[in-house]
Amino acid sequence: MPKESSHPHPHPYSYARSQSRRLRAAGVHRVVVIVDENSNPFELGCATEIFGLRRPEIGRELYDFRLCSPEPSLVMRDGFFTLTGVADLEAADTADTLIVPNRPDVEVPRRPAVLDTIRRAHARGARLIGFCSGAFTLAEAGVLDGRRATAHWQWADSFRSRFPAVQLEPDVLFVDDGDILTAAGSTAALDLGLHVVRRDHGAAVANSVSRRLVFAAHRDGGQRQFIERPMPDLPGESLAPVLSWAQERLDSPLTIPDLAARASVSPATLHRRFRTQLGTTPLMWLTGERLALACRLIERGEPRFEEVARRSGLGTAANLRTLMRRETGITPSAYRRRFGPEVN
């Protein structure tokens, strides 16, 4: 009979710590999630899916991901399950990006230890993210005063009354305010997470992550949190055919009347359908698709920004520069340096 090994299998947390040390030594961006009593498991799952999974299809590690908590054992949302075996709050002190707790009992004060951890992270320049009611946690820590943020629409009035110094934008999917980012509830956490991946690693990597999630690669943060009629009353009202048609012609001078004519409706009806089915306007959707194409062209190595602008339908290099700076925070040249092919 084979001998039993004298080295038992390591505890999963021990393995996770060793992996984290390896990634940290390699300079991989560290994302830490603080989990607290009654935290929502859905947003925790979103963070794990986007930042915590290995990506063999990409060929490199994107993030060093860790969970931490103020107690060794925590009861999650409504007592559904208990979380154990994660790091203590000290792990948050080494985070490059810190995702703060979110939970349904928004009126209950957060733990002072958690709030102090958030303040320390902000003071040393870490990026902070709040999903759904996580905006309450950030605001309670005092880091959102004078800043833009969003939260789930059903808590907008409560948030405004408690934190009047915060510039709340209650109708949007997410807000990127530089080093502090917030998202509305549920799937908006996925939207914001993919936005962060796009900001950190480029459109191609974000698209790869979204494909694995089987989720929309890009929804602009300015889209509405909810739509009035999620499904069209009649199959003929679906926007899918006209969207596919437009995506194949982004280099053409498409206009809203062009899209309306293709859909055999008036521009006003087209606008209504975009609002009700996608939560955005035809122009915002078209601009977002063109900008995404421009990013892909830069990543694939197109060196001429005038050509990128022409092929993506953005017109001129000046317009490309304006839109990229507005939507990604960096210029086309900086985007190429970060995400373009390496030059030997």
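Reader: How many bridges join strand E5 (residues 97-99) to E6?
Author: This is a predicted model, in which local features need pLDDT of at least 70, side-chain atom pairs count only at pLDDT 80 or more, and totals for chains, interfaces and linings use all residues. Residues are numbered from 1 along each chain as its sequence is written, and side-chain values use heavy atoms, with hydrogens and water left out. Strands (E, at least two residues) and helices (H or I, at least four) are DSSP runs numbered from the N terminus, and two strands pair if DSSP finds at least two bridges between them. E5 and E6 run parallel, and the bridges joining them number three.

Reader: OK, which residue in E6 does Leu 98 stand opposite, and what is the handedness of the crossover from E5 to E6?
Author: Leu 98 sits across from Leu 128 in E6. Between E5 and E6 the chain goes through H3, making a β-α-β crossover. With the strands pointing away from the viewer, a clockwise path from the first strand over the helix to the second counts as right-handed. This crossover is right-handed.

Reader: Why is E6 largely enclosed by the rest of the structure?
Author: Arg 127, Ile 129 and Phe 131 point one way from E6, while Leu 128 and Gly 130 point the other way. Buried means under 20% relative accessible area, exposed over 50% and partly exposed in between, with a 1.4 Å probe and protein chains only. E6 is largely enclosed because, of its five residues, the number buried is five.

Reader: What does E6 pair with through four bridges?
Author: Leu 128 stands opposite Ile 180 in that partner. The two strands run parallel, and the partner is E10.

Reader: Zooming out, which are the edge strands of the sheet?
Author: Six strands make an open, mixed sheet, ordered E2-E1-E5-E6-E10-E9. Its twist averages 15° from one strand to the next. The strands that pair on one side only are strand E2 (64-68) and strand E9 (174-176).

Reader: At about what angle does helix H6 (residues 188-201) run to E10?
Author: H6 lies across strand E6 (127-131), E9 and strand E10 (180-183). Axes are lines fitted to C-alpha atoms, for helices over the stretch in contact (heavy atoms within 4.5 Å). Angles run from 0 to 180 degrees between N-to-C directions, and for H6 against E10 the value is about 150°.

Reader: And which residues have the most contacts inside the largest nonpolar core?
Author: A nonpolar core is a set of buried Ala, Val, Leu, Ile, Met, Phe, Trp, Tyr and Cys residues joined through side-chain atoms within 4.5 Å. The largest one has 34 residues, and among the elements giving two or more residues to this core are strand E1 (30-34) and helix H3 (112-123). The residues with the most contacts inside the core are Leu 98, Ile 118 and Phe 159.
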